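I opened this entry to log what I looked up, starting with one helix and its neighbours. Domains come after that.

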Amino acid sequence: MAITFNVNGEPREVDVDPNTPLLWVLRDELGLTGTKFGCGVAQCGACTVFVDGMPQRSCVTPVELINGSDITTIEGVEGPEASAIQKAWVEIDVPQCGYCQSGQIMSAVALLRDISDPTDEDIDGAMTGNICRCATYVRIRQAIKNAAAELKG
Amino acid sequence: MTTVANDVLSDITNVSRRAFTLGLGASVFVLAAGLKPSFGADGQAYGGDAMPHGLKEDPLVFLSVAEDGTVSIICHRSEMGQGIRTSLPMVMADELDADWSRVKIVQAPGDEPTYGNQNTDGSRSMRHHFQPARRMGAAARRMLEEAAAKTWNVPVEEVEAVNHEVIHKATGRKLGYGALAKSAAEMSVPPREKISLKKPSQFRYIGKGKIGLVDNFDITTGRAKYGIDTRFDDMLYAVIVRPPVYGGKVAKFDATEALKVPGVVKVVELESPPPPSEFQPLGGIAVIASNTWAAIQGRDKLDITWDHGPNASYSTDIYHADMRATAQKPGKVVRSYGDVDAAMKTAAKRITADYYIPHHAHGTIEPPAAVARIVDGKCDVWGPLQDPQAARDRLVKLLGIAYEDVTVNVTLLGGGFGRKSKPDFALEAALLSKAVDGRPVKVTWTREDDLMHDYLNTTAVEHLEAGLDADGKPVAWLHRSVAPSITSIFKPGVKYEAPFELGMGLVDVPLDVPNLRVENGEAEAHTRIGWFRSVTNVPHAFAIQSFVAELATAAGRDPKDYLLELIGPPRRITLKLPELKTDDPWWNYGEHPETYAIDTGRLRRVTEVVAQASKWGRELPKGRGLGIAAHRSFVTYTAAVVEVEVDGGGRITIPRVDIAVDCGPQINPERIRSQMEGAVIQGVSLATVSNITFRDGQVEQTNFDGFELTRIDAAPREIHVHLVAPDETYEEPLGGVGEPGVPPIAPALVNAVFAATGKRLRELPIRDQMAS
Ligand code: FES
Ligand code: FES
């Protein structure tokens with residue numbers, strides 16, 4: 001079945017089993033490997049993308065549900081929050097292996113778009129779905145706060 | 001010095017076919033090993049020299065300068081979050097006096113005859129390669145200086161390399177590294193005595209912590225390529241269902257329904273070799289498809305009857321009880337001095353405790369995955385491999401092709417922690433590529449596959465007994481450890497732990513007690529056991545450091561003071577036969593027994609530093625407590641203070657952790673901090689929530705809902721890393737950094753829970769024991 005949607009602003013059409021999770025469509029069909037596989041069951045957050053601006057776990061999002069939607073992945077995320085988050089991440093060297101960080105960054109951008117000045121509890125709420133096995137959590141928290149401060153100017 | 005085209009410099013570039021066009025041939029020779037010889041008087045090799053293929057330090061192999069001035073530096077160790085792709089090239093660049101912004105990092109393929117040992121494991125990369133990297137950078141700097149001196153026809157002593165150019169001081173003439181590249185390549189590599197290393201005061205990057213990770217931009221923009229991200233246009237995608245019980249195999253299977261799934265191309269049966277499985281694939285049934293999802297769907301449709309084999313009754317409940325029973329009986333004595341039995345008899349008080357840790361999985365967020373391709377009899381593999389040479393050697397055997405015809409390309413690793421030092425998944429990819437006439441095939445392990453077929457950290461019962469005198473000071477110490485051995489994956493019938501496992505915090509216990517005996521009880525493995533970050537240091541430190549705190553309580557003493565008293569006065573300990581009762585001499589992480597003697601002064605110091613920094617002894621509100629623990633591992637010293645808060649329902653939060661580390665010279669302090677932060681939280685994870693259990697030979701936790709990992713909400717809110725006693729000369733022996741942060745965390749945490757609640761927890765994880 002042909003399914004059409006926009007990815008990072010570009011129209012795309014794929015002809016796959018409509019149950020195929022968006023994750024595998026992005027990675028295998030479209031070659032967008034920035035979105036990561038970590039668990040396949042919405043437990044780790046590595047596969048987080050935006051569907052019409054809302055963060056979603058692409059590993060449990062059947063591609064048929066996003067027909068006509070706008071998808072944003074780590075390769076295409078932009079705007080003031082994204083820039084501030086990416087900059088903060090680099091500035092304090094958040095990543096270790098980096099594998100989870102696409103998902104962490106997508107969740108963090110979504111958080112800042114929602115709440116410009118998040119508390120620790122807000123951060124817990126938005127980021128608890130994202131596992132980092134290297135355990136960079138202390139820096140993730142700090143980088144989110146730094147990005148929020150930068151956005152406030 | 002040679003020129004090199006710029007187009008070979010991508011992240012996962014294969015350098016094996018890189019053309020060095022200038023200056024090679026007769027002038028190439030390898031610099032002799034270590035400034036401080038790492039050979040003992042016994043002629044025995046230690047450290048990097050004792051590793052397979054040893055150390056290679058030929059600047060012509062590792063460094064090149066292009067005519068545009070780009071310096072390319074090869075990283076031959078695998079990047080898995082420890083920052084080695086940044087730190088090791090940074091060392092070379094510093095001695096070369098290169099401008100970091102003009103340095104490109106090239107990842108080496110698996111080729112130890114060329115690069116020296118590449119097995120990125122055991123917290124060894126910087127420890128073994130710091131001095132060789134310095135010498136290579138310094139040798140190349142000398143060659144550039146000689147080239148400039150020759151150009152200007154002046155003595156080399158009159159010129160100096162400074163930040164990517166060579167300057168003639170007297171006349172102010174300058175030549176950039178790029179301009180000198182060609183003529184420098186014609187210089188011979190200077191002999192050791194002509195190489196002058198920088199003085200630490202001249203360092204630009206070493207010890208400064210100013211250099212960000214070289215992969216940061218790619219990581220934060222989704223461009224970084226891990227093994228699982230490898231792609232080819234005509235690539236096929238595979239998943240495998242492996243025997244659910246270690247040692248099992250397929251009895252019969254029917255692939256009819258699987259083959260009907262759209263996209264499924266082929267179903268392949270893979271042979272299951274009988275245990276011990278070493279690094280070989282486990283076999284099973286593979287489904288090859290046009291994308292990962294189709295392969296997974298096809299796999300779900302397979303109809304398989306298994307022959308579960310001899311481990312089908314493995315249940316960790318029963319195994320735990322058996323280990324506990326074994327731990328009550330005398331075991332094989334592995335270290336002994338004094339007379340423990342006599343001292344126990346006359347002791348004023350005797351304390352006994354048993355500690356338990358379950359199996360623990362690596363849970364790298366990038367699961368094992370690899371791509372293989374076979375073209376014209378040549379096999380190329382791409383994978384997140386900690387030990388690419390191990391992969392290459394086994395691929396040669398598996399495929400029966402020449403060594404030169406196997407190329408193992410190392411991608412970024414999405415976490416390693418020891419799992420990816422086993423290349424079984426790369427071998428699977430090669431077998432499946434072969435099954436489809438050499439087309440590229442990517443094997444992806446789903447999370448379920450990863451947790452069900454990991455090389456798990458061992459499970460252990462640690463039995464401790466102490467006799468205390470009337471003042472509460474221990475006069476006798478008995479430690480009996482029971483745990484299945486990693487060596488069981490290499491040979492059948494293994495019942496005891498190997499010297500390297502006993503040497504991780506068990507026989508090398510650095511306590512000052514007059515009578516001591518360490519024993520090892522029998523245990524046979526029923527699953528694949530492997531290295532997990534800090535390995536058997538986890539159970540040993542957990543037991544010993546918990547027990548010290550228990551003794552402090554029994555003696556009515558402050559745990560920190562008591563710990564320091566037990567560590568005793570500063571002294572250097574070298575374990576020797578016959579006090580050590582193992583077949584081999586003291587393992588000591590492969591390092592020289594005198595150069596790297598156990599230094600109790602350093603252990604005391606990290607303990608004192610962390611106690612002071614955490615304000616040990618401070619008043620805390622009800623429900624809060626501090627716990628302390630110290631441990632030496634990977635020839636580095638760490639101590640931690642964990643602060644916990646336990647609410648009425650038994651829920652634990654961790655407001656703060658302090659950790660002090662003394663790893664000798666600190667090369668990239670920022671990476672040491674980040675490794676410690678990660679290790680602290682992995683320690684919290686294994687102490688509080690994570691475990692792997694078996695029933696009927698099969699793992700019960702199949703995803704992150706069962707194998708829980710600490711998430712941001714439960715992570716310590718603050719982690720303070722204290723880098724202790726930096727060696728300003730940078731000549732002292734280096735300690736490891738990747739692993740030593742883990743061992744003290746679990747005991748410090750349970751000691752803190754005891755301080756907060758009076759509840760002594762001796763089994764990990766503590767999650768289910770907090771409610772009552
Ligand atoms: S892969 Fe989607 S949440 Fe883990
Ligand atoms: S940085 Fe490695 S999993 Fe998060």
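**Helix α1 and its packing**

I looked up what the buried residues of α1(A) pack against: β2 (10–15) and β3 of chain A, together with β7 (236–241) and α8 (292–300) of chain B. Contact here requires C-beta atoms, placed from the backbone, within 7 Å. Helices (H or I, at least four residues) and strands (E, at least two) are DSSP runs numbered from the N terminus.

I noted the setup next. This is a predicted model: local features need pLDDT of at least 70, side-chain atom pairs count only at pLDDT 80 or more, and totals for chains, interfaces and linings use all residues. Residues are numbered from 1 along each chain as its sequence is written, while chains are lettered from A and ligands numbered from 1 in the order written.

Back to α1(A), residues 22–29: I found seven of its eight residues buried (20 or more other C-beta atoms within 10 Å of a residue's own). Among them are Trp24(A), Arg27(A) and Asp28(A). Just after the helix, Gly31(A) has a positive phi of about 70°.

**Domains of chain A**

I checked the domain assignment, which is automatic or from a database. Chain A has domain 1 (2–72) and domain 2 (80–152). Their centres, over C-alpha atoms, are 22 Å apart. Twelve residues of domain 1 contact ten of domain 2. On the domain 1 side, strand β3 (residues 48–51) gives the largest share, three residues.

**Chain B record**

I pulled the unreviewed UniProt entry: it lists residues 221–310 of chain B as "domain: Aldehyde oxidase/xanthine dehydrogenase a/b hammerhead". That span is 16% helix and 33% strand, with its end C-alpha atoms 48 Å apart.

Methods:
Contact = placed C-beta atoms within 7 Å. UniProt positions renumbered as here; feature names shortened; annotations may be inferred. Buried ≥ 20, exposed ≤ 12 C-beta atoms within 10 Å, placed from the backbone.
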